[in-house]
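Thanks for making time this morning. I would like to walk you through one model, moving from its strands to its helices and then to its ligand, so please have a look at it first.

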Amino acid sequence: MKPDLKGMTTAEIEQFVKGMGEHAYRGRQIAQWIYAHGAPDFERMSSLPKALRERCSREARIGNLETLTTIATPTGDVRKFLFRLEDRETIETVLLALEHSRTVCLSSQVGCAVGCLFCATGAIGLKRNLTAGEIIDQFIKVQASLKPGDRITNAVFMGMGEPLLNPANVMTAISLLTSKEGPAFSPRRITISTCGIVPAIYTLAAAPVRPELAISIIAPDEAKRGELFPQARLYPLDKVIEAARFYARAVKRPVSFEYVLLKGINDSHSDARRLGELVGKVPCKINAILYNRLPDKRFQPCDENHALQFLEWIRPFCRMATLRRSKGGEISAACGQLRAGYARTD
Ligand code: SF4
């Protein structure tokens, strides 16, 4: 198969065109067409000579996700995309459009091996890692769906998959997001959300581009966490907290701890106190999240008043504690739900 230039860095595309006897700057032009302008093929690259466009088409390709469907909330603030990959697997991407921001929530894998019991993606199991091209193309396709002049402002790896179990391709995608031939994002506008893959957190702390880090705590004691998160034994809480502290020191910024509130499971006063004691020594923010109920109804969300009370219990330990209200519950916006629904009706 011809090499796919989408997912290659600018330096790799320069190498590719130099191999065809062209100047390196043609490679930079191609990278800009793909990553900044979203060109889906060589034909659109009008600043390249026709002969070069034709030669590129013969010798390379530009992979494209196929948009199977999109659904939006009635207010339009949450839009979900279901994309088909070349091997006919499907992934989900979410756009959260608030007054002053446009955040894209990217998938990093087809399915997920981690298997958190409260997650629709976990039930799928891992099919495969996404390539860097498939990851960056979610951003490109969502950007192309916006009105002219409207730009994505933030990217978060909180979609399908555990990004730190596909670290090489996720880091390449991040380097494309921060590249000047692409959207030139600051790393502070990119967040990796992980359930706590400890060795990969240390690797990320030494990476050339270090995004914001959000760690999902799931439950503040090992017994409960082990029930909800099958890999808890591999990455015990004290090691996760140590890695979080190391990352915060390395990047000189707080990390975020995500905490999905499950009614009657992890939302008691003693859970809040344990959580506060656990994370209190790390420079951090806590985002409590109202759970998006899955069709199996195994877990229930707690009501908003209780969630606000939970935050009050935490504040003596961590002043930066906020509630992330569930957005898009009516369109199955929790990761894996649209894919699962589409599979049922396809
Ligand atoms: S919550 Fe994240 S890590 Fe857990 S199964 Fe779902 S996608 Fe995987």
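Let me begin in the middle of the sheet, where Glu-258 has Asn-287 of strand E11 as its bridge partner. The strands and helices I name are DSSP runs numbered from the N terminus, with at least four residues (H or I) for a helix and at least two (E) for a strand. What you are looking at is a predicted model, in which local features need pLDDT of at least 70 and side-chain atom pairs count only at pLDDT 80 or more, while totals for chains, interfaces and linings use all residues. Residues are numbered from 1 along each chain as its sequence is written.

That bridge belongs to a parallel pairing, in which seven bridges join strand E10 (residues 255-261) to E11, and two strands are said to pair if DSSP finds at least two bridges between them. Between these two strands the chain passes through helix H10 (residues 269-279), and the resulting β-α-β crossover is right-handed, a term that applies if, with the strands pointing away from the viewer, the path from the first strand over the helix to the second runs clockwise. Further along E10, Tyr-259 stands opposite Ala-288 in E11.

On to the neighbouring pairings. E9 and E10 are also parallel, with three bridges, and here Ala-214 is matched with Ser-256 of E10. Six of the seven residues of E10 are buried, where buried means that 20 or more other C-beta atoms, placed from the backbone, lie within 10 Å of a residue's own, exposed means 12 or fewer, and partly exposed lies in between.

Strand E11 (residues 284-290) in turn pairs with strand E12 (residues 321-324), in the parallel sense and over four bridges. From E11 the chain reaches E12 by way of helix H11 (residues 304-314), in a β-α-β crossover that is right-handed. Asn-287, which we met as the partner of Glu-258, stands opposite Thr-322 in E12, and Ile-286 has Ala-321 of E12 as its bridge partner.

Which residues does Leu-323 touch, once those up to four places away in sequence are not counted? They are Ala-288, Ala-307, Leu-308 and Leu-311, where a contact requires C-beta atoms, placed from the backbone, within 7 Å. Leu-323 itself lies in strand E12, and it counts as partly exposed because it has 16 C-beta neighbours inside 10 Å. Its C-alpha atom is 8.4 Å from that of Ile-286, although the two residues are 37 apart in sequence.

Let me turn to a loop. Pro-220 sits between strand E9 (212-216) and helix H8 (222-228), and it counts as buried because 20 C-beta neighbours lie inside 10 Å. Leaving aside neighbours within four places in sequence, Pro-220 is in contact with Asp-271, Arg-274, Leu-275 and Leu-278.

Val-110, in strand E5 (residues 109-111), is likewise worth a stop: it has 22 C-beta neighbours inside 10 Å and therefore counts as buried. Beyond its neighbours within four places in sequence, its contacts are Glu-89, Ile-91, Lys-127, Arg-128, Leu-130 and Met-160.

Next, helix H6 (residues 167-178), whose twelve residues should span 16 Å at 1.5 Å a residue, in agreement with the 16 Å between its end C-alpha atoms; the expected span is 1.5 Å times one less than the number of residues. Its buried residues include Pro-167, Val-170, Met-171 and Leu-177, and what covers the buried residues of H6 includes helix H2 (24-36), helix H5 (132-145) and strand E8 (190-194).

Finally, the ligand: twelve residues surround it, the closest being Cys-112, Val-114, Cys-116, Cys-119 and Gly-122, and a residue is near a molecule if its C-beta atom, placed from the backbone, lies within 6 Å of it. That shell divides into seven nonpolar, four polar and one charged residue, with Ala, Val, Leu, Ile, Met, Phe, Trp, Tyr, Cys and Pro counted as nonpolar, Asp, Glu, Lys and Arg as charged, and the others, Gly among them, as polar.

Technical notes: Contact = placed C-beta atoms within 7 Å.
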